[in-house]
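Please keep the sequence and the model side by side while reading, since the paragraphs below move from one part of the chain to another.

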Amino acid sequence: MVACKRQLVVFGGFHESARDYIYYNDVYAFNLDSFTWSKVSPSGLAPAPRSGCHLATSPEGNVVVYGGYSKQRIKKDVDKGTLHSDMFLLKAESSPEKWSWSRLSPSGVKPPPRSGFSVSVGPNHRSLLFGGVHDEEDEEQLEGDFFNDIYFYDLAKNRWFPGLLKGPRSEKKKRRRGAATEEAHGDGEAALQPPPGPLEIVKEVVAEDGTVMTIKQVVSIPEAEAQKSEEEEEEEEEEAADEASGQLVEPCPRSNAMLAVKHGTLYVFGGMFEVGDRQFTLNDLYALDLHKMDGWKVLVEMDPKTQEWLEESESDEEGDAEGAEGGEEDEEEEEGSDDDDDDESEDEEEEEHPVVQKDETYADYLSRTEPYWVKVARRNMGPEAKEKKTVKVGHAMAKAFYEGSA
């Protein structure tokens, strides 16, 4: 739903019962003057039925629709999900009752396909998209890749672009870049060469409560760096490590977070993510200045110690849920034994995990203890877990223990 002039416009959605489900692509409007609902029948080709899409109002009073999710039954008891990444414009004609659909082809860099993303309206006629999940599913299992990135959509220019954090530059880098600039000015041939294009550096760091987040940074590389010495390369590697350890404050990847924008500041609250067959519900709160884009601020930090595993009442894996709470059920021996291992690992987390040394950074702690944490994650997840996923979970456990010991 989105506010459009003196109306609230509702598009799409779904209804699911025990036996069947249906997705919608219809449009309804609620008049804020008369407090009445009316069904809108736009002309043109409408988007395919879907739920969870991005709605935003353009400066002209039109409604932009992006993305969404739907599923269809391909055979008995087998459904196939679809992530939509198309865009449509619901245009208000001269008469308030007349609307029309048209397809949009935006410029710029569009977000990768995902569902469960959150949207809000930012400054300067820009709508923003945060987080979400891309589910990779087959008939046997469902595995999701979660996001914590931001994409802006310029409603006036019909253009997408990623929201990249600027991040502070170190004094050492400033001095070296200044020296490189002086050399370029002193060398006539170098001064005539065109400036190099920007380079996007992507770093993966572990968030505080269970997943890996990606930090993207765009920097321009001086031409002289193509011929830098080995000593300069080592210095830059050290600086990159320092920057990575200094930019760990960021919401972990998640879906279905709550967003609000006030005075140009974005607030992100809660959401959820999954690791294996376990679902984590978050209650942390972050803030980001959308004008400066200079870094996230933690307003409320999530305490992993306050979380508890809840029993799933209608699940084939009730034994797992019960074992996570107490591990005292004897009826399902195999599951119970796995759950006992989980309980033991939770007890060990407080007593036998590698101790954080005084003044030790998280990057140093992870470098020193990574094999141990990956081993713990592998023991908890089982031999069938993918190695990449196991490493991510191990890093997440190390991060949670490090934060809890700080």
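**An aromatic cluster and its surroundings**

In this predicted model, ring pairs join Tyr-362, Tyr-365, Tyr-372, Trp-373, Phe-401 and Tyr-402 into a cluster. One member of that cluster also has a charged neighbour, for Lys-399 lies over the face of Tyr-362, at 4.8 Å from the ring centre.

Helix α6 covers residues 362-381, and its buried residues are Tyr-362, Tyr-365, Leu-366, Thr-369, Trp-373, Val-374, Val-376 and Ala-377. What distance separates the end C-alpha atoms of this helix of 20 residues? They are only 24 Å apart, short of the 28 Å that a straight helix would reach at 1.5 Å a residue. Along its course α6 bends by about 70 degrees at Thr-369, and within four residues of that position there follows a proline, Pro-371. Thr-369 is also listed among the buried residues of the helix. Just after α6 comes Gly-382, which takes a positive phi of about 95 degrees.

The wider chain gives the setting for these details. It holds seven helices and 19 strands, and of its 406 residues 39% are buried. Among contacts between residues at least 6 apart in sequence, 51% join residues at least 24 apart.

Aromatic rings recur elsewhere, the structure holding 18 aromatic pairs. One of these pairs is formed by Phe-14 and Tyr-23, which are stacked with their centres 5.3 Å apart and 20 degrees between the planes. Are the two partners buried or partly exposed? Phe-14 has a relative accessible area of 44% and is therefore partly exposed, whereas Tyr-23, at 13% relative accessibility, counts as buried because the cut-off for that term is under 20%. Another stacked pair consists of Phe-152 and Phe-161, at 5.4 Å centre to centre and with 20 degrees between the planes; here Phe-152 is buried, and so is Phe-161. A charge over a ring is found at Tyr-21 as well, where the charged end of Lys-71 sits 4.8 Å from the ring centre.

Two polar residues can be followed in a similar way, beginning with Asn-62, which is found in the loop between β5 (54-57) and β6 (63-75). Asn-62 counts as buried because its relative accessibility is 8%, and its side chain reaches the backbone nitrogen of Ala-92 at 3.0 Å. Which residues surround Asn-62, once its neighbours within four places in sequence are left aside? It is in contact with Ala-56, Thr-57, Leu-89, Leu-90, Lys-91 and Ala-92, so that Ala-92 appears both in this list and as the partner in the polar contact.

The second polar residue, Ser-118, has its place in strand β10, which runs over residues 118-122. With a relative accessibility of 5%, Ser-118 counts as buried. A polar atom of the Ser-118 side chain lies 2.6 Å from the backbone oxygen of Ala-257. When neighbours within four places in sequence are again left aside, Ser-118 is in contact with Leu-128, Leu-129 and Phe-130, and also with Asn-256, Ala-257 and Leu-259.

Key. Residues numbered from 1 in each chain as written. Predicted model: local features only at pLDDT ≥ 70, side-chain atom pairs only at ≥ 80, totals over all residues. Heavy atoms only, no water. Buried < 20%, exposed > 50% of the residue type's maximum accessible area, 1.4 Å probe, protein only. Polar contact = N/O pair within 3.5 Å; in protein donor to acceptor, adjacent residues only side chain to side chain. Contact = heavy atoms within 4.5 Å. Expected span 1.5 Å × (residues − 1). Bend = angle between axes of the 7 residues up to and from the residue. Phe/Tyr/Trp six-rings, centres within 6.5 Å; stacked < 30°, edge-to-face > 60°. Lys NZ or Arg CZ within 6 Å of the ring centre and 35° of its normal.
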